[in-house]
Amino acid sequence: MKLSQFKFKLPEELVALYPPHRAFKNEDGTIDRIYNRDQCRLMVLHRKSEKIEMFKKNDKGEDTDEFLTFRDVISYFNEGDTFVFNDTKVFPARLYGTKEKTDAKIEVFLLRELNEELRLWDVLVEPARKIRIGNKLFFDGEGPMVAEVIDNTTSRGRTLRFLYDCDHDEFKHELYSLGEAPLPRYIVEHRKAEPEDMENFQTIFAKNEGAVTAPATGLHFSKQLMKIMEIRGLNFAYLTVHCSLGSFDPIEVEDLTKHKMNSEQMKINSECCKIVNDTKRAGHTVCAVGVSVARATESAVGTDGLLKEYDGWTNKFLFPPYEFGLANSMIANFYHPESTMMMATAAFGGYDLVTEAYQLAVKHEYKFGCYGDAILMLDD
């Protein structure tokens, strides 16, 4: 397929800057928000019948004028079905500091720790042209946190050595206290990260630290919704994919077969495999929650259609036409034009059906992005 086949006009006002919420304006002009993870809209695609659902039904089975919400997802699954979640944990990766001597404002985006003992980190810097090897960067806060640039890795990439004399746990605590939620650029260009974002930009089942962006589809699951799912006999399986910024990298080739995804670290343990494989053998539905889960399971599925243990990296790029070997249901968000996440959605749901769904989403003013609305794709 071609990159241009995933191009469409997305009105700026349809990009969600906050999670689903109710807003209240105070007398002093400030705004309070009450967030509801599971109250975004839900669109349902049926792959075989090619039907699209957007509205709740009345007692006669007829469409009402009330949109489906994410909590309605449970009505499409039965006892014994399994949801596969990504339990990666986001850390506060975006920091702001100043360059020595010039006091120029610098953004540092932490990617991963390279060496615990030496305090070495792989980072992105902005503006990159001002940051050279040997420069020292100073960060605000109570402690004297300083970093030295010791290598250039890419045009924006640098290796930093943090100069902070203490044990590692204290260092990490101090470093993270200076950071903020690593919201996507399309959000921070319109508003600053707020303290609530560190909770909102984290799934309720986050466990294994290492992600610099959230597995967005998992953000829709609230404690209340998962309790209802558990009561109804739905199973939960967890794997780990440390989501990186690779999914946000612009695709610079028209022929999608020429695009190379950045690798992400992932792990699938025996417990996850057992839950998923028992579900498949019993003929029940396996639902991949999000693109990161779909990429991981497709990286680790065997020729027998069963999930295998995996501990390593994946650069799996999903785009149509593609035949999935494991999941027979998938949930995703509505994503930006020409994004790898939109392509993965089309790979599962089918290009024509997903394109129609995106057109309807724009027409009916669904919200797009990590804080946006969701799409459920079923194999019926």
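**Hairpins, a covered strand and the spaces between**

Strands E9 and E10 make a hairpin with five residues between them, and Lys 101 in the turn takes a positive phi of about 70°. This comes from a predicted model, as does everything that follows. E9, which covers residues 94-99, pairs with E10 in the antiparallel sense, and five bridges hold the pairing. Within that ladder, Gly 97 sits opposite Ile 106 of E10.

E10 has a partner in E11 as well: the two run antiparallel and are joined by seven bridges. One of the pairs here is Phe 109 with Leu 124, the latter being the bridge partner in E11. E10 and E11 also form a hairpin, with four residues between the strands, and in this hairpin Arg 119 has a positive phi near 60°.

E10 turns up again when it comes to open space. The largest pocket comes out at about 1400 Å³ in volume. It is lined by 48 residues, and the closest to its centre are Leu 111, Leu 124, Ser 244, Leu 245 and Gly 246. As for secondary structure, the elements giving two or more residues to the lining are strand E10 (105-115), E11, helices H1 (168-177) and H2 (185-188), and strands E15 (208-211) and E17 (264-268). The biggest share is that of E10, which gives five residues. Leu 124, then, is listed among the residues closest to the pocket centre and is also the bridge partner of Phe 109.

Closed space is a separate matter. The structure holds three cavities of 30 Å³ or more, and the largest of them has a volume of about 230 Å³. Its lining counts 21 residues, with Ala 214, Pro 215, Ala 216, Tyr 335 and Met 341 the closest to the centre. Helix H6, residues 291-300, gives the most to this lining, with three residues.

Just past strand E11 (120-126), the loop that leads to strand E12 (136-139) contains Asn 135. With a relative accessibility of 13%, Asn 135 falls under the 20% cut-off and so counts as buried. A polar atom of the Asn 135 side chain lies 2.7 Å from the backbone nitrogen of Arg 132. Setting aside neighbours within four places in sequence, Asn 135 is in contact with Lys 99, Glu 100, Lys 130, Ala 147, Glu 148 and Val 149. Of these contacts, Lys 99 belongs to strand E9, which spans residues 94-99.

Now to strand E21. All five of its residues, 374-378, are buried, so the strand is largely enclosed by the rest of the structure. The cover is on both faces: one side carries Ala 374, Leu 376 and Leu 378, the other Ile 375 and Met 377, and all are buried. E21 also has a strand partner in E3 (residues 42-46), which runs parallel to E21 and is joined to it by five bridges. In this pairing, Leu 45 has Met 377 as its bridge partner. Another partner is E20 (residues 329-333), which runs antiparallel to E21 and is likewise joined by five bridges. Here Asn 333 stands opposite Ala 374.

His 46 lies in E3, the strand that pairs with E21 in the parallel sense. Its relative accessibility is 9%, so His 46 counts as buried. The His 46 side chain makes a polar contact with the side chain of Glu 53, at 2.6 Å. Beyond neighbours within four places in sequence, the contacts of His 46 are Lys 51, Glu 53, Leu 353, Leu 378 and Asp 380. Glu 53 is thus one of the contacts as well as the polar partner of the side chain, while Leu 378 is one of the buried residues of E21.

Helix H4 rounds out the picture. In this helix, which covers residues 223-231, Leu 225, Met 226 and Met 229 are buried. Viewed down the helix axis, the buried residues fall within an arc of 95°, so they line one face of H4. Lys 223 and Ile 231, on the other side of H4, are exposed. What the buried residues pack against is a pair of strands, E7 (82-86) and E16 (235-241). After H4 comes Gly 233, with a positive phi near 85°.

Terms used
Residues are numbered from 1 along each chain as its sequence is written. This is a predicted model: local features need pLDDT of at least 70, side-chain atom pairs count only at pLDDT 80 or more; totals for chains, interfaces and linings use all residues. Side-chain values use heavy atoms; hydrogens and water are left out. Buried means under 20% relative accessible area, exposed over 50%, partly exposed in between (1.4 Å probe, protein chains only). Two strands pair if DSSP finds at least two bridges between them. The arc is that of the directions from the helix axis to the C-beta atoms. Contact means heavy atoms within 4.5 Å. A polar contact is a pair of N or O atoms within 3.5 Å; within protein, one must be able to donate a hydrogen and the other to accept it, and residues adjacent in sequence count only if both atoms are side-chain atoms. On a 1 Å grid over the protein atoms alone, a cavity is a set of points where a 1.4 Å probe fits but cannot get out, and a pocket is an open set with protein on both sides within 12 Å along at least five of seven lines; lining residues have an atom within 4 Å of a point. Grid points are joined across faces, edges and corners, and a volume is the space filled by probe spheres set on the points.
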